[in-house]
Every structure is written in structure tokens, then in C-alpha cells.
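Me: I'd like to learn how to read burial and packing off a model. Can we walk through one together?

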Amino acid sequence: ADPTSPAAHSALATFYWTHNDINQAKEEFKKVADVAPKRSVIRLQFPEFLIKTGAIPEAKAFLDQINKENPDDLPVRILQMRVACSEKQDDDCAARVKSILEEDDSSFDALFQDGIFKMAKGDVATAAREFEFLNANFSPNPPVKYQLARATLAQAQTAGLAEAQKALDRA
């Protein structure tokens, strides 16, 4: 591969990975990160590979280093948020969601995660609005449709309970 081409290293890394040569794939993805421009999204292939192959601590360390170099790099912060959320670090995840939404109030990843948080806290109306926004503004996405259906059902149940309470109060 061309030693200065991130695309060539990426293709080679993908080839190795599809042929279950994890060590060679890791080496090539690392080269992608090393030769790609500092703010290039292709650099994130390396930590994404690490995450998918279970090397979470190494991925986190790499992302932390990139974030120190470029603290306003939103794709890096989104990937850090995904890691925190997948590890059930709810406080860290929530803080990262909030930070991302303050910068980009239509971030797919942050809105999706925020909707999940809202559902867990019982704020189904806000969650439904967020999932409805995602469903309307992004290409069809089964997880969004599923969460939207959950939020819609929760709203219907809440409305049904309110009506039942009113009927009890009248009785």
C-alpha cells in the first residue's frame, strides 16, 4: 500500500479483517490513523476497529489523545459518547450527550441516546418528539422506528392511565 495513503491502508486493513487476520488489520488501521489528516473522519476507523474487536481501553486512550489535540472535534466526541453509553456509564454518557447537543442540536447519535435516557426517566413525550424528529429527518432506521414505537405506546399507556384516574375520581 502507498505509505502516505489512508485510503490504501484502510482497504488493506479491511481486507485483513475480512480474512480474520486481526493483528495485520490492527496494524493497517493504526497506519490509517497515523497518515490521515488530523481532523479526518477516516482516522476514527482505528478506534472503531478497536471497539469492535474488544480493545475498549486502547480505543478510549486513542480517542482521549485525539480529543486533547482537537477538543472541538465533534466526531471524536460522538465516538467517546458511544463508548461511554455502551459501557453503561450513565453519568458520563449523559454529560457527553448534553455537550454534543449544545454544539449540534440535530446530532443523530446524541438525540437517539437522549431519547433513550428520556424514556428511562419517564419523559416519554420528549423522547417521542426526539425519535419522531430522527425518523422524519434521517434515512429509514429500524432502531429509531423501534424506539419511536416504544415511546408512542408509552404515551398511549400514560394517556390511558390518566383517563382511568379521571374515571376513578368521578366515581
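**Reading a buried arginine**

Reply: Sure, and keep in mind that this model is predicted. Start with a polar contact: a polar side-chain atom of Arg 43 sits 3.0 Å from the backbone oxygen of Lys 38.

Me: Where is Arg 43 found?

Reply: Look in the loop between helix 2 (22-35) and helix 3 (45-52).

Me: Is Arg 43 buried or exposed?

Reply: The general idea is that buried means under 20% relative accessible area. Arg 43 has 6% relative accessibility, so it counts as buried. Skipping neighbours within four places in sequence, its contacts are Ala 33, Ala 36, Pro 37, Lys 38, Phe 62, Ile 66 and Glu 69.

Me: Now the cores. Which residues touch the most other members of the largest nonpolar core?

Reply: A nonpolar core links buried nonpolar residues through side-chain atoms within 4.5 Å. Here the largest one has 23 residues, and Met 81, Val 97, Met 119 and Phe 131 touch the most other members. At least two residues of this core come from each of helix 5 (74-86), helix 6 (90-103), helix 7 (108-121), helix 8 (124-137) and helix 9 (142-170). Apart from that core lies another, of 17 residues, including Ala 33 and Ile 66.

Me: What does Val 97 contact, leaving aside neighbours within four places in sequence?

Reply: Met 81, Ala 110, Gln 113, Asp 114 and Phe 117.

Me: And how about Leu 134 in helix 8: buried or exposed?

Reply: Its relative accessible area is 1%, so Leu 134 is buried. Not counting residues up to four places away in sequence, Leu 134 touches Phe 108, Leu 111, Phe 112 and Val 144.

Note on methods:
Residues numbered from 1 in each chain as written. Predicted model: local features only at pLDDT ≥ 70, side-chain atom pairs only at ≥ 80, totals over all residues. Heavy atoms only, no water. Buried < 20%, exposed > 50% of the residue type's maximum accessible area, 1.4 Å probe, protein only. Helix = DSSP H or I, 4+ residues; strand = E, 2+ residues; numbered from the N terminus. Contact = heavy atoms within 4.5 Å. Polar contact = N/O pair within 3.5 Å; in protein donor to acceptor, adjacent residues only side chain to side chain.
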